[in-house]
Amino acid sequence: MKRVAVFPGTFDPVTLGHLDVLERAVRLFDRVVVGVAAGHHKSTLFSLDERIEMFRENLSEVSAPRVRFVAFDGLLVDFAKETGAIAVVRGIRTVRDYEYELQMAQLNRTMSPELETVFLVPAEKYASVQSSRVREIARYGGKVRAFVPRTVERRLRKAMRTKKGVSAGEGKKA
Ligand code: PNS
């Protein structure tokens, strides 16, 4: 039986840190379903389709055939069940992330005891990379090349010219 994991997030936009975690997840599981949160819990700079497209176009050749993208807007545990996943993969950069993620993992376990949460640590160079900061840097004209793929950098520049700019989120800044 194929071992499936879900990798959920808002991905607004996907960063090199997210891509790093995904590549690691693909090494551990047969299939990874990237669950892209529809965004009802926070306003996003990029539409759902844009967020999926930016992620999809930056997969490695190894990952691409084993990864699929699915939008979700309900509970993560329900989404995981629908996809047949045995685990939820989340990236952890800092102790602050850990506290937030631990709470989420414990709540999810109470709701769905058979679903495991697997924390993966991205490469050290991405330890400070988070989508909200990337949006902020781009908003004020800073260079984001070290944090996001080139296609995302281009779209951020365009978004900042045409959209309102930084959107607000709550809790852990993704
Ligand atoms: O990229 P993010 O914003 O850190 O992702 C957070 C996300 C989407 C994974 C989280 O908010 C989530 O799981 N939302 C689905 C709703 C849910 O299940 N909430 C209860 C979690 S304990």
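Okay, let's start with Phe11, which sits in the loop between β1 and α1. By the way, helices (H or I, at least four residues) and strands (E, at least two) are DSSP runs, numbered from the N terminus. Before going on: this is a predicted model, where local features need pLDDT of at least 70 and side-chain atom pairs count only at pLDDT 80 or more, while totals for chains, interfaces and linings use all residues. Residues are numbered from 1 along each chain as its sequence is written, and side-chain values use heavy atoms, with hydrogens and water left out.

Back to Phe11: its phi is positive, about 50 degrees, although it is not a glycine. Most residues other than glycine have a negative phi, and most peptide bonds are trans. Is Phe11 buried or exposed? Phe11 has 2% relative accessibility, so it counts as buried. Buried means under 20% relative accessible area, exposed over 50%, and partly exposed in between, with a 1.4 Å probe and protein chains only.

Now Pro13, which is also in the loop between β1 and α1 (16–28). The peptide bond from Asp12 to Pro13 is cis, with omega near 5 degrees.

On to the ligand. Which residues come nearest? Of the 15 around the ligand, they are Gly9, Thr10, Lys42, Leu76 and Arg90. Being near here takes a heavy atom within 4 Å. Let's look at polar contacts, meaning pairs of N or O atoms within 3.5 Å; within protein, one must be able to donate a hydrogen and the other to accept it, and residues adjacent in sequence count only if both atoms are side-chain atoms. Thr10 puts a polar side-chain atom 2.7 Å from a ligand oxygen. Leu76 uses a backbone N or O atom, 2.8 Å from an oxygen atom of the ligand. For Arg90, a side-chain N or O atom is 2.9 Å from a ligand oxygen. The protein covers 83% of the 550 Å² of accessible area that the ligand has on its own, by the Shrake-Rupley method with a 1.4 Å probe.

And who builds that shell? β1 (4–9) and α4 each supply at least two residues, and the largest share, 3 residues, comes from α4. By type, the shell divides into 8 nonpolar, 5 polar and 2 charged residues. Here Ala, Val, Leu, Ile, Met, Phe, Trp, Tyr, Cys and Pro count as nonpolar, Asp, Glu, Lys and Arg as charged, and the others, Gly among them, as polar.
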